[in-house]
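Here are my notes on the model you sent over. I've kept them as numbered points so you can follow along with the structure open.

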Amino acid sequence: MQLLEERILKDGTVKPGNVLKVDSFLNHRMDIGLINEIGKEFRRRFPSDKITKILTIEASGIGIACIAAQYFQVPVVFAKKAQSINIDGEVYHTKVESFTHKKVYDVILSRKFLDPDDHVLVIDDFLANGCALMGLLDIIEEAGATLEGAGIVIEKGFQQGGQIIRQKGIHLESLAIIDTMTDTSLTFR
Ligand code: 5GP
C-alpha cells in the first residue's frame, strides 16, 4: 500500500533490536485519515461476506481493528494480556511471547465472545516472529471458529512470522512488507 510505505519512509524510525517505531502515526499518536485508508484496504483484500468478527490483541491492534471494522460491519473482540491469572472455564487461554517486551504473557478471551459459528478475520499492527498471530490462531482453534484470514499493517519480512503463516496456507495480507531495515534505509517487497 503506497500511502503506508511512503509514511513509513517519512516518519518511521529504526530502534535497536529490529524494532521499527511508528508511534507518530500508528500506535501512539494515531493518524485516523491514514488508518481509515488502511481499513478500506483490508476490506478490499478480504471481500468475503462470511466474516462475522474481527479479532485482535491489546493494545495497539485495537484502534486499527475498530476503524477497519466499520467497513466490515462486524464487532471487534480483542484478546487481553493478563498479568497473573487463575484461568477459569470462562475464558480461552494461550501464551504469547512479546517481541517488543521480551516477556511471555497469558492471553485470554471470554468464551462468550467467540463461538464455533464465527468466521474470524485477525488484524494486528505488526508481524515479526509470529507469536502474537499464532496465539490468536490458538484461540480461534480453541473456540472451534473458522479463520478467514489475517490482515497485518506492517510485516517485517526478514523475520520468520510471515513465512510460518503462509506455509500453513492461511490467507495473509500485509499492507507493507519490509525486506531490509537498517538505521538509515528501508526496502519494501
Ligand atoms: P510477533 O509476535 O509477530 O513477534 O510480534 C508482533 C507483535 O509485536 C505486534 O503485536 C507488535 O505489537 C509488536 N511488534 C513486533 N515488531 C515490532 C516493531 O518493529 N515495532 C513495533 N512498534 N511493534 C512491534
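**Notes on the ligand shell, the core and one helix**

1. Let's start with alanine 128. Setting aside residues within four places in sequence, its contacts are Phe99, Lys156, Gln159 and Gly161. You'll find alanine 128 in the loop between β7 and α4. Because alanine 128 has 21 C-beta neighbours inside 10 Å, and the cut-off for buried is 20 or more, this residue counts as buried. Keep in mind throughout that this is a predicted model.

2. Which residues come nearest to the ligand? Of the 20 residues around it, the answer is Phe99, Ala128, Asn129, Cys131 and Ala132. So alanine 128 turns up here too, as one of those nearest residues.

3. As for where the shell comes from, β2 (19-21), β7 (119-127) and α4 (131-143) each supply at least two of its residues. The biggest giver is β7, with 4 residues. Sorted by class, the shell around the ligand holds 10 nonpolar, 6 polar and 4 charged residues.

4. The UniProt record, an unreviewed entry, puts a "binding site" feature at Ala128, Asn129, Gly130, Cys131 and Ala132. The same annotation name in UniProt, again from an unreviewed entry, also covers Leu20, Asn27 and Lys156.

5. Is cysteine 131 buried or partly exposed? It is partly exposed, because 19 other C-beta atoms lie within 10 Å and buried takes 20 or more. Cysteine 131 sits in helix α4. Beyond residues up to four places away in sequence, cysteine 131 touches Val96, Glu97 and Phe99.

6. Lysine 156 may catch your eye: despite the charged side chain, it is buried, with 24 other C-beta atoms within 10 Å. This lysine lies in strand β8. Not counting residues up to four places away, lysine 156 touches Asn18, Leu20, Leu127, Ala128, Ile178 and Met181. Two of those names, Leu20 and Ala128, also carry the UniProt "binding site" annotation.

7. Asparagine 27 belongs to the loop between β2 and α2. With 19 C-beta neighbours inside 10 Å, asparagine 27 counts as partly exposed. Outside its neighbours within four places in sequence, asparagine 27 is in contact with Val22, Ser60 and Asp125.

8. On to the core. The largest nonpolar core has 51 residues, and the members touching the most others are Ile54, Ala68, Val122, Ile123, Leu133, Leu136 and Ile154. In soluble globular proteins, nonpolar side chains tend to be buried together. Take isoleucine 154: leaving out neighbours within four places in sequence, its contacts are Ile8, Leu20, Val22, Asp125, Phe126, Ala176 and Ile178.

9. Helix α3 (residues 60-72) deserves a look of its own. There is a kink of about 25° in α3, centred on cysteine 66. Right after the helix comes glutamine 73, which has a positive phi, near 55°.

10. Which residues of α3 are buried? They are Ser60, Gly61, Ile64, Ala65, Ile67, Ala68, Ala69 and Phe72. An α-helix has 3.6 residues a turn, so residues three or four places apart point the same way. Among the elements covering the buried residues of α3 are α2 (32-45), β3 (53-57), β4 (76-82), β7 and β8 (146-156). Note that Ala68 is both buried in α3 and on the list of core members touching the most others.

Methods:
Residues are numbered from 1 along each chain as its sequence is written. This is a predicted model: local features need pLDDT of at least 70, side-chain atom pairs count only at pLDDT 80 or more; totals for chains, interfaces and linings use all residues. A residue is near a molecule or strand if its C-beta atom, placed from the backbone, lies within 6 Å of it. UniProt positions are given in the numbering used here, feature names are shortened, and annotations may be inferred rather than shown by experiment. A residue is buried if 20 or more other C-beta atoms lie within 10 Å of its own, exposed if 12 or fewer, and partly exposed in between; C-beta atoms are placed from the backbone. Two residues are in contact if their C-beta atoms, placed from the backbone, lie within 7 Å. A nonpolar core is a set of buried Ala, Val, Leu, Ile, Met, Phe, Trp, Tyr and Cys residues joined through C-beta atoms within 7 Å. The bend at a residue is the angle between axes fitted to the seven residues ending there and the seven starting there.
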